Amino acid sequence: MALVRSEGIVLKTHALGDTSRIVVVYTRDHGLVRLVAKGARKSPSRFGISLEPLSRSRFHFYFRNDRELHLLSQADTLVGTGIGMAELPRLAHSQAALELIDRLVWGEEPHAELYDLLVQALDTLAAAPESALPAITIAFELQLAALLGYRPRLDACAGCGSPLSPERWFSATRGGLMCATCAASEPGLVRLSADALGGIALLLSRPIREAGDHLEARRAGEIQRVVEQFLRAHFHRFEGLRSLEVLRSLPAAPGTKNPPAGAAPGFRGDASVR
Ligand SMILES: [Zn+2]
């Protein structure tokens with residue numbers, strides 16, 4: 001049993017008995033870990049806001065390879081991201097980023113690049129204009145999947161590698177665009193608009209902090225639908241972003257023609273499904 005130290009972001013917490021807490025943290029050096037914070041419910045001031053979901057903190061804990069739970073010794077807050085975040089859409093999109101890590105990442109394998117991507121996504125979500133939030137979430141979904149080995153194929157047929165069909169048929173299960181031959185026999189294809197395809201390509205390859213520049217709010221619904229279908233096909237623990245469901249009941253923000261992705265009740269783009 002070794003006392004280790006790592007920076008991490010709190011995904012969620014559960015009560016443990018009357019006085020303690022289990023804190024689920026995505027750490028930079030040890031991947032996803034579950035820490036027991038003894039006495040955290042009895043004397044919350046001991047840990048301050050370091051154990052709150054969205055907080056980025058430095059954790060000192062007794063790491064045991066053969067155990068699922070590790071004993072927390074100390075936690076110091078680095079950035080209290082969620083504290084004071086008053087706007088519901090911003091909070092919902094930030095929680096969606098945590099939910100994606102919780103659903104897509106499995107086990108204690110550390111992945112520094114993935115950790116840094118989460119930090120970048122949360123920092124961007126905290127500061128970006130509200131209209132950019134859906135684009136940031138979609139960029140994070142795409143880049144997270146790519147880092148985990150599921151990068152949508154957009155340069156050639158995901159089925160056979162041949163040149164693409166001009167109709168832009170996308171298969172979530174095959175993991176990308178299709179040629180005319182494969183498309184003819186593939187069920188469940190979505191036909192992407194040229195704008196949606198361009199948006200997906202940029203959100204996948206450009207830095208997350210630029211995401212708002214690459215996607216018109218009115219296209220977000222179309223792209224998010226396709227991206228979530230893709231995630232469902234490749235990550236069996238992903239069942240759609242529950243954190244964004246709270247936004248569906250909200251009216252559209254003044255000055256926007258269409259509600260942001262996550263608020264859209266229907267399919268807003270001109271993609272067709274067959
Ligand atoms: Zn093909």
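Two strands pair if DSSP finds at least two bridges between them. Helices (H or I, at least four residues) and strands (E, at least two) are themselves DSSP runs, numbered from the N terminus. With these terms in hand, select the turn that joins S1 and S2: the two strands form a hairpin with 3 residues between them, and Gly17 in that turn has a positive phi of about 65°.

The model is predicted, and local features need pLDDT of at least 70, side-chain atom pairs count only at pLDDT 80 or more, and totals for chains, interfaces and linings use all residues. Residues are numbered from 1 along each chain as its sequence is written, and side-chain values use heavy atoms, with hydrogens and water left out.

**The barrel**

Remain at the hairpin and display its strands. S1 and S2 run antiparallel and are joined by 8 bridges; beside the turn, Leu16 stands opposite Ser20 in S2.

Next, select S4 together with S1. These strands pair in the antiparallel sense, again over 8 bridges, and Val4 has Phe61 in S4 as its bridge partner.

Now select S3 (residues 31–37) and S5 (residues 69–80), a parallel pair joined by 3 bridges. Arg34 has Leu69 in S5 as its bridge partner.

Show the five strands together: they form a closed barrel in the order S1-S2-S3-S5-S4, with mixed pairing. From one strand to the next the twist averages 50°, where axes are lines fitted to C-alpha atoms, for helices over the stretch in contact, and angles run from 0 to 180 degrees between N-to-C directions.

**Helices on the strands**

Select helix H1 (residues 88–104), which lies across strand S1 (2–16) and strand S2 (20–27) and runs at about 105° to S1. Then add helix H2 (residues 112–127), which packs on the sheet and touches S1, S2 and strand S4 (55–63). The direction of H2 makes about 55° with that of S1. Contact here means heavy atoms within 4.5 Å.

**Two residues of helix H3**

Move to helix H3 (residues 133–147), where Leu144 has its place. Leu144 counts as buried at 0% relative accessibility; buried means under 20% relative accessible area, exposed over 50%, and partly exposed in between (1.4 Å probe, protein chains only). Leaving out residues up to four places away in sequence, Leu144 touches Leu100, Ile101, Leu104, Leu114 and Leu117. To place Leu144 relative to the barrel strands, draw a distance to His14: the C-alpha atoms are separated by 25 Å, with the two positions 130 residues apart along the chain.

Phe140 is also found in helix H3 and is buried, with a relative accessible area of 2%. Beyond residues up to four places away in sequence, its contacts include Ala97, Leu118, Ala121 and Ile208. Phe140 and Leu118 are 22 residues apart in sequence and 7.8 Å apart in space, C-alpha to C-alpha.

**The zinc site**

Finally, select the zinc ion. Its protein donors, lying 2.3 Å from it, are Cys157 (SG), Cys160 (SG), Cys179 (SG) and Cys182 (SG). Donors are N, O and S atoms within 2.8 Å of the metal (3.2 Å for Na, K and Ca); water is not among the atoms, so sites may look incomplete. The donor residues are spaced C-x2-C-x18-C-x2-C in sequence.

The 4 donor atoms make angles of 104 to 113°, and the site is tetrahedral; four donors count as such if all angles lie between 85 and 135 degrees. Among the donor residues, Cys157 is buried at 1% relative accessible area, Cys179 is buried at 5%, and Cys182 counts as buried at 19%.

Definitions and conventions
Tetrahedral: all angles 85-135°; square planar, octahedral: opposite > 155°, others 65-115°.
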